[in-house]
Amino acid sequence: MTLLQSSCRVAFAALLHDLGKFHERTGQPVSGNLGALTTLYRYSHAAHTADQWDVIEQLAPDVLRGDVSPFSGRASAADITDSMANAAAAHHKPDTLLQWIIATADRAASGFERKKFDEYNDDAEGITPTHKNRFQARMVTLFEQITLNGQSPKNKFEHVYPLQALNPQAIFPAARSVAEPDSDQAAKAEYAALWQQFLQALETIPTSHRKNWPLWLDHFDSAWLTFTQAIPSATNWGVVPDVSLYDHSKAVAALATALWRWHAATSNTGANALAKLKDPERPDWDEPKLLLVQGDFFGIQQFIFAEGAQTQKHAHKLLRGRSFQVALLAEMAALRLLDALQLPSTSQIINAAGKFLIVAPNTPDAQQAIKDCRQLFNQWCLEHTYGEISVGLAATPASCNDLISKQFKTLTQRLFTELDIAKHRRFDLCGDTASVRETRFPYGPCGYHDRYPADRAAEGELPASCALSRDQIAIGEALTRKARLLVLNTADSFKKPLELCYFGYRLVFVDEADISGHYSKLAEQGELVRTWDFDQPEANGHCFHGYARRFVNSHVPIWNENDEKEDPAYKRLNQEDIGDTSPGKLKTLHAIAASGNSEIALITLKGDIDNLGTLFQSGLEEPTFARWASLSRQVNAFFALWLPWYCAHGENGRFRNTYTVFAGGDDFFLIGPWESTLELAGAMRREFARYVARDDISFSLGAVMTQPKVPARHLATAAEAGLAAAKQHPGKNAVNLWGSTVGWHEWHELMDNRRNALEHLINKANGLSTGFIYNLLRLADQAEHDRPENANRRPEDALWRSRLAYRCARLPKQQQSIGPALAAECGSALKQHRGAYRLPVSVLLYRQRQ
């Protein structure tokens with residue numbers, strides 16, 4: 001056996017310990033004697049787990065014959081009491097060491113104290129606090145329960161998630177009156193439909209991958225996520241159904257795997273170890289058996305927006321390639337660490353925006369593996385990026401008692417502190433790492449990044465370049481034409497892998513058609529380490545296609561057959577600026593900027609969630625390991641799943657020319673046509689409020705308008721400054737644009753109501769002169785100076801009122817009929833919004849300009 005294969009089996013058994021909750025709620029019967037099974041496993045849902053194991057095992061790697069260690073199989077002489085099915089189903093009535101390890105992980109993931117668990121275990125099939133039984137109850141939101149500024153939320157359980165497969169629209173909660181069925185019959189029908197979709201999805205996982213446990217389990221993990229992300233895990237009396245079956249079961253799988261590995265490594269597998277696990281007083285729950293390993297990428301923005309190119313050729317591909325390459329590096333770092341620890345993908349609890357959290361056993365071998373990976377990551381980042389980016393690793397020992405809700409807040413504070421220390425120890429410069437590196441430039445600097453030495457001479461129009469930049473260009477090209485990524489130990493049989501070896505792995509982009517039925521031998525031999533689906537969800541939101549899903553591919557504007565390439569808007573550009581317009585080709589920034597008929601300009605948006613650290617560290621009154629992981633996944637889903645899909649398909653394609661440079665975790669960076677991107681900003685804020693089911697969890701953003709020829713690094717710097725200004729707004733929850741910072745409520749009033757009112761008057765007048773619009777901007781500046789609270793206010797600042805009245809009275813004869821209405825509207829807006837009125841006025845001004 002291999003330790004990794006055995007760890008996969010433990011993880012799989014633990015992941016499916018509550019499979020029966022899913023099946024039981026369909027209302028479908030078990031194939032055996034339910035009464036006998038319930039007696040054996042204590043509860044009916046556990047009986048369903050045991051019964052449906054026979055169904056799942058037909059679609060999984062062999063769990064019955066051959067090497068199924070550490071469990072017993074049917075072909076072995078061992079007692080089948082320790083089969084995988086029994087280990088999964090017996091978590092409410094455990095007896096053997098493996099069963100107790102999964103049961104312990106189940107209790108630790110839920111944050112149960114001993115007394116609280118006894119109460120839970122006595123009523124594992126009761127009624128929820130929302131007064132719904134296990135069939136009708138739907139998962140309530142964690143966001144509604146978050147405490148802000150010491151104030152508990154007033155309405156905790158008003159919204160629930162619809163019982164649907166994962167898709168960009170199903171992640172939004174709905175009112176309970178809409179999403180919660182009133183009858184068991186309707187509720188069971190929803191579960192039955194979802195169960196059938198789940199079984200059909202498992203059949204799409206390549207059969208050949210079943211002979212490679214880590215590869216297959218990664219696919220299964222994505223399928224399990226897709227179909228259980230909205231199923232409430234617990235529906236007992238007194239237990240809030242706010243954690244999904246997916247998040248709970250994955251936390252259990254990670255903890256169980258680490259606990260089993262600790263017991264195996266320390267030889268704590270005998271009668272004494274079993275007695276401690278069985279003891280109601282939990283004598284070993286203070287033992288630090290777990291090691292929580294955090295990883296984070298530093299220097300991401302500097303890397304993506306690096307300057308120093310000798311040519312702007314491929315600039316748009318470089319930008320796209322760099323942002324995706326950062327996501328790839330984070331994935332590769334986590335995978336390298338998992339492989340070094342001999343752990344499956346289910347041990348990675350958090351994976352968002354360059355950050356990850358892995359649950360490992362607290363053993364000397366694990367500590368050494370982390371040390372080796374840290375050295376490998378440092379060496380790679382220094383060799384290929386010269387310290388521009390780095391990977392920080394922090395390992396924090398933890399016990400099961402640390403996961404109890406009362407102690408979990410202390411644990412999370414330790415985790416944040418440890419990661420902050422790692423951030424300030426980049427490359428271990430106080431240790432053995434050389435602070436000055438010898439570097440040669442045999443072909444001069446790289447033409448795409450002049451801080452890097454070129455390793456290939458110039459050829460024709462192509463400048464001298466380095467492998468990292470060539471990979472970035474190749475990635476930028478592949479993302480519009482490929483849908484899958486192969487992660488391999490070697491890539492000798494492939495024509496066009498990426499040039500660099502990423503932390504020991506070779507990467508190949510392939511078409512969806514190329515992968516079906518191919519590479520089976522590579523999977524069986526273990527050479528194919530992972531196959532990832534990074535394609536965007538379809539227009540209907542469908543996410544799972546038989547392969548492990550990674551939400552790392554942001555939306556990028558491409559030319560398609562529906563683009564009006566002869567549109568006068570594009571005729572304003574020369575051929576070099578507009579680039580290749582063949583279907584499937586990336587649009588240049590100039591083409592994006594010119595996709596409207598007004599000013600050729602871009603808007604860059606950079607934003608992040610306000611006070612996110614506080615939300616995670618003290619927002620939940622009773623945090624648990626599963627709740628914490630769930631909250632992280634849900635925060636990431638809005639930006640990594642919904643936002644790119646919305647740009648591609650939302651509002652009938654209104655925002656499809658917006659480029660999501662990066663979006664995930666709690667932040668985003670977008671570039672798009674100036675007018676539609678401003679509309680997108682407002683739509684994002686409205687949709688985010690709907691997503692979190694409240695208005696006081698917010699994000700702020702900085703917006704900057706530029707010409708498309710401005711280097712990307714300058715866009716990032718200006719947007720970052722705007723975001724910093726927005727964060728200075730009282731209460732944050734604000735946006736900064738054109739020198740004005742306003743809260744989102746005022747933004748919507750200005751950019752919707754006030755702009756529409758002014759635009760209506762302009763249209764009624766058959767257009768107002770550009771001079772009048774410019775004069776409104778000057779009056780906005782004067783009105784800003786005339787604020788009553790301005791200590792430097794001057795008497796002449798109050799003249800904006802009379803000047804506005806004069807300008808409206810002096811309109812041309814044919815427009816004078818709208819003068820009074822115009823003076824009333826603009827006067828009211830200037831009095832209420834002062835200098836911020838320049839926002840809607842500027843939009844209308846730029847719309848007039850060609």
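This passage describes a helix, a sheet with its packed helices, and several ring contacts in a predicted model.

A good place to start is helix α17, which covers residues 467-478. Its 12 residues reach 16 Å from the first C-alpha to the last, close to the 16 Å expected at 1.5 Å a residue. Of these 12 residues, 10 are buried, so α17 is largely enclosed by the rest of the structure. The buried set mixes residue types: among them are Leu468, Ile473 and Ile475, along with Arg470, Asp471 and Gln472. Their packing partners include the helices α13 (300-304), α14 (315-341) and α15 (364-385). Strands take part as well, with β7 (445-446), β8 (449-453) and β10 (506-510) packing against the buried residues of α17.

Attention now turns to the sheet. Four strands form an open, antiparallel sheet in the order β4-β5-β3-β6. At its edges lie β4 (348-352) and β6 (390-398), each of which pairs on one side only. Neighbouring strands are turned by 15 degrees against each other on average, with direction ignored. Within this sheet, β3 (residues 290-298) and β5 (residues 355-361) run antiparallel and are joined by 7 bridges; Leu290 stands opposite Pro361 in β5. Two helices accompany these strands. Helix α16 (residues 405-423) lies across β3 and β6 and runs at about 145 degrees to β6. Helix α24 (residues 625-649) packs on the sheet by touching β4 and β5, and its direction makes about 25 degrees with that of β4.

For readers who enjoy ring geometry, the model offers 44 aromatic pairs. One of them, Phe494 with Tyr519, is tilted, with 5.4 Å centre to centre and 45 degrees between the planes. Phe494 lies in the loop between β9 (484-488) and β10, and Tyr519 in the loop between α18 (512-515) and α19 (520-525), so the pair ties together parts that are 25 residues apart in sequence. Phe494 is buried at a relative accessible area of 15%, whereas Tyr519, at 21%, counts as partly exposed.

A further pair is formed by Phe699 and Trp744: the ring centres are 5.7 Å apart and the planes stand at 75 degrees, so the arrangement is edge-to-face. This pair links strand β16 (residues 699-706), which holds Phe699, to helix α27 (residues 744-764), which holds Trp744, across 45 residues. Both rings belong to buried residues, with relative accessibility of 0% for Phe699 and 2% for Trp744.

Charged side chains also meet rings. Lys188 lies over the face of Phe135 at 4.6 Å from the ring centre, and Arg282 lies over the face of Trp285 at 3.9 Å.

Definitions and conventions
Residues are numbered from 1 along each chain as its sequence is written. This is a predicted model: local features need pLDDT of at least 70, side-chain atom pairs count only at pLDDT 80 or more; totals for chains, interfaces and linings use all residues. Side-chain values use heavy atoms; hydrogens and water are left out. The expected span of a helix is 1.5 Å times one less than its number of residues. Buried means under 20% relative accessible area, exposed over 50%, partly exposed in between (1.4 Å probe, protein chains only). Contact means heavy atoms within 4.5 Å. Two strands pair if DSSP finds at least two bridges between them. Axes are lines fitted to C-alpha atoms, for helices over the stretch in contact, and angles run from 0 to 180 degrees between N-to-C directions. Rings of Phe, Tyr and Trp (its six-membered ring) pair if their centres lie within 6.5 Å; planes under 30 degrees apart count as stacked, over 60 as edge-to-face and the rest as tilted. A charge sits over a ring if NZ of Lys or CZ of Arg is within 6 Å of the ring centre and within 35 degrees of the ring normal.
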